[in-house]
Every structure is written in structure tokens, then in C-alpha cells.
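Okay, thanks for coming, everyone. Let me put today's structure up on the screen so we can walk through it together.

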Amino acid sequence: MTLTDVLKPGDLVVVAQGTGEPTPLLEQLVRAQATLPDLEVFVGLSHSGALTEPGAAGLPLVSFGAMGPLARLAANGTVSVIPCHFRDVPRALLSRNPDQLVVALQVSSADDSGHHSLGLAVDYTYELLGRARAVVAEVNDRVPHSTAPRVHSSRFTATVPTSRPLPSVTAGATGPVHTAIARYVATLVPDGATIQLGIGTLPAAVGAALAAKRDLGVHSTLASTWLLDLARAGALRPGAVVISEAAGSQELYDWVVASGVRVRPVSELAEPGAFARIDRFVAMNSALQVDLTGQVNAEELGSGYVGGIGGQPDYLRAAQHSAGGCSIVMLPATTQGGKSSRIVRRLHAGAVTTPRSQVDVVVTEHGIADLRGRSLAERAEALIAVAGPGHRPSLRETP
């Protein structure tokens, strides 16, 4: 039995994301889309090529954002975006279609008691297992048994056995701008801090800049190979790493398992009470734009929807509630070869991902704009000072 065998008209198929994506099951949906009954498919961040296949354009897709290959589909109008926090995805999907959810996820082979590990990725699908009409699992014998939650085989409506490596997720080459931003950010992270980062080129650069730090903890939904780099540099506090997903190299995956890194559900990491006892929590998040009051847009530009809310507002606010914590937004000062400023008077289409009240510091390659305790006029001056030099005069002009 395959995933398409269990589908009924009106189903909402929720596909696990990232390194937990059941790529063969998603490929089944793409190939069969012309013959499938009336349904929707919810997808998140994908590291595979399944969504770039020609048939994907005909599949009714829903997502919480438009990262990776979804950006092209969103620009073509073939992805419907639900704007919600990452930890609220299960709630949003239950509101959308409470009676006909079908979950598709990837798990390890079963242990002697019939339990499968979720391996290195625990996302929104885990929260929906008890509410789904059907659960179809790719049982991949290359998925390791980790500290992640386990699911008994009796929960599965159907299984598809596979043997394939987890995706290798690279950050891309860092340039002088990324390096400069990372150096400024590193000055804001004290020894003994607990950090939140993500995946991508800028987080990779920040991870490299933090290598000289000591006694760091990690409390982050996503972690990439920067986590392994920090471990090798001796920067991490033993037993102080908790994540929801590892996305990087095979060496990272092996280290996460061997070190007993806690791989926990998103709801557990991002729940407000989870931060209550974390001192010096430093949340570092990227953005597309920041306006002169400190509002953040991490979702859309003129080209369309290219990002998502994710966990940014939750982590930035949590950092503000932490004793000695700091909420940091980091971004290059310009785009399009310097032609357009990312520090702007008004965000594109009014897309406010994070309110200005939740931003302590904005960092570009030109420096640090510390917004804490500053008035609106003072914030504007601080932000203009870290904008691209060629754009500062126009930002100071009276609108």
C-alpha cells in the first residue's frame, strides 16, 4: 500500500519537512497529481528536488512560508501561504481541515518493541499524529535512533520501506558582508550564553565567529553544521544542546546521535515556559527588511512571498524575557548589488513579521544599531547609521 492508496477526496495531506521529509512519498503525490481526488498538500521547507518537478505545479500546495523551491512556486501563484508561527502550524491545519488530515512522515526502522524513532527532525507532523485520519510512514533504515520521540508501528496506516541517506544541507559560501555581520553579532554573545540560530549562509558565518566563545548552550528549532563546528572548537557546554531538527552534513548527524543531543518537538522548544529558566538567551534571526522603527519583514518582497514567520517572533521575545538576554536581527544593508536598501522607511506590503517592540539590536555589515530604550526618532538615527552609506541621505529625507 502506498500513500496515494489511502487518500480520499477532500483530504489535507501534511508532509513532514526538512531532513524529516518523506521524499519518496512526496514524489508519489507529484507524479500522481493528475489522477488524485480533490485534495490539498501541506509542505514546509524542502531540501529535495520533488517540488521542482513539472508535476508539482499542478499539485494544490499549502505552506507556512515559501522557502527554498517553494519560492518559485509561490511566485507562480501555485502555493497558498498560511501566515502563522511555526509552533502554531498544527493548530492552523486543524482549523483548516480537522476531519481529513493525512500525515506523511519519515521514521527509522523499528526497534525490538516495534517503536520507530523520528530521527533528527521533529516537526508539526508529530503534533498531528493523534488527530490524523491516516498516517503513512517512509521507514528509512538510514534514519538513526536518536533522543527524538518514538512512534509505535501500530500508529501507521501504511508504510513504505526505503534505504537512503539523509539530505546533505550546505550553507553556501560566505562572503565579506556575512563575515562582517557575524563579527559584530559575536560581540553581543557572552560566554555562557544559550543561543538560537538557524540554517543558511549568515547563521553559518555567525557560528564560525562564535568559535572562540566558551560554555555556550543551544536552544534552537534548527541547527546546521555550525553546531558541529562549535562542538569541535570546544565552545559548547556539555548537555546543553536541544534542537528540533539537524540539517547539515552526515558528520553533524553522527555527532548529534553520538552526543545524545536532545531532539525535541517544536511545541516543547518554543513554548514560553521553556525559556523561563534560561539566562543569557541570545536569539539571532535573519530578515529581508527592517524599517526605521525596528519592524521586521522576513516574509515577502516585490518578487513575491520568499520567507516565512517561522519561530522568529517567539525566539526574539523569549530573549527579551531572559536575564541578560538579547534579541538580534541581522541582515545585509543592501541587496541587488547595492541598488536597494534593506533598511527602509516602510516594509514591503506592510508585512510585519516581528513588531518593533521585540527587537533589541539590528546588525548589518556597517555596525550595530542598539534599539533598547530608544525613542522612535533615536531608533531611526541608529538604523540609518548602519544602512548602506549611499542610501543614508534618502532615508533621512522627510517623507
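Let me start with a question: how many bridges join β23 to strand β24, and do the two run parallel or antiparallel? The count is four, and the strands run antiparallel. One thing to keep in mind throughout is that we're looking at a predicted model.

Let's stay with that pair for a moment. β23 and β24 make a hairpin, with two residues between them. If you want to find β24 on the screen, look at residues 367-370. For one contact to click on, take Val362, whose bridge partner in β24 is Ala369.

Now the side chains of β23, which covers residues 361-364. Val361 and Val363 point one way, Val362 and Thr364 point the other way, and all of them are buried.

β23 has another neighbour too. Strand β19, residues 326-330, pairs with β23 in the parallel sense, over three bridges. There, Met330 sits opposite Val363. As a reminder, strands of a sheet pair through backbone hydrogen bonds, and that can be parallel or antiparallel.

Keep going across and you meet β14, which pairs with β19, again in the parallel sense, this time over five bridges. Met284 has Ile328 of β19 as its bridge partner.

So what do these strands belong to? Eight strands form an open sheet, and the order is β13-β12-β11-β10-β14-β19-β23-β24, with mixed pairing. At the edges you have β13, residues 262-263, and β24, and each of those pairs on one side only.

There's a small sheet to look at as well. Three strands, ordered β16-β15-β22, form an open sheet, also with mixed pairing. β16 (296-297) and β22 (343-344) are at the edges with a single partner strand each, so one side of each has no neighbour in the sheet. β15, which is residues 289-291, runs antiparallel to β16, and two bridges join them. One of the contacts is Gln289 with Asn297 in β16.

Okay, zoom out. The chain has 12 helices and 24 strands. Its radius of gyration is 21 Å, close to the 21 Å that the globule rule gives for 399 residues, so the chain is as compact as a globular protein of that length. The C-alpha trace spans about 65 × 45 × 35 Å along its principal axes. And 56% of the 399 residues count as buried.

Next, empty space. How much space lies in the largest pocket? About 1100 Å³. The lining has 41 residues, and the closest to the centre of the pocket are Met67, Ile199, Leu222, Ser286 and Gly308. Elements that each supply at least two lining residues are α6 (201-209), β11, β14 (281-286) and α10 (312-321), and two of those, β11 and β14, are strands we just met in the eight-strand sheet. For chemistry, the pocket lining has 22 nonpolar, 18 polar and one charged residues.

Then there are the cavities: five of them at 30 Å³ or more. The largest holds about 60 Å³ of space. Its lining includes Ala16, Gln17, Gly20, Leu105 and Tyr126. β5 (101-107) and α4 (124-128) each give at least two residues to that lining. By class, the lining of this largest cavity has six nonpolar, four polar and one charged residues.

The second largest cavity has a volume of about 50 Å³. Among its lining residues are Phe86, Thr221, Leu222, Ser244, Glu245 and Val266. Two elements, β11 (216-223) and β12 (236-246), give two or more residues to this lining. Here the split is five nonpolar, three polar and two charged. If you like a residue to navigate by, Gln17 is in the lining of the largest cavity and also in that of the second largest. Leu222 lines the second largest cavity and is among the residues closest to the centre of the largest pocket.

Last stop, cysteines. How many disulfides does the structure hold? Zero. Cys84 is buried, with a relative accessible area of 11%. Cys326 counts as buried too, at 4% relative accessibility. That's my tour, so let's go back to the screen and take questions.

Notes
Residues are numbered from 1 along each chain as its sequence is written. This is a predicted model: local features need pLDDT of at least 70, side-chain atom pairs count only at pLDDT 80 or more; totals for chains, interfaces and linings use all residues. Side-chain values use heavy atoms; hydrogens and water are left out. Two strands pair if DSSP finds at least two bridges between them. On a 1 Å grid over the protein atoms alone, a cavity is a set of points where a 1.4 Å probe fits but cannot get out, and a pocket is an open set with protein on both sides within 12 Å along at least five of seven lines; lining residues have an atom within 4 Å of a point. Grid points are joined across faces, edges and corners, and a volume is the space filled by probe spheres set on the points. Ala, Val, Leu, Ile, Met, Phe, Trp, Tyr, Cys and Pro count as nonpolar, Asp, Glu, Lys and Arg as charged, and the others, Gly among them, as polar. A disulfide is a pair of cysteine sulfur atoms within 2.5 Å. Buried means under 20% relative accessible area, exposed over 50%, partly exposed in between (1.4 Å probe, protein chains only). The radius of gyration is taken over C-alpha atoms; the globule rule is 2.2 Å times the number of residues to the power 0.38.
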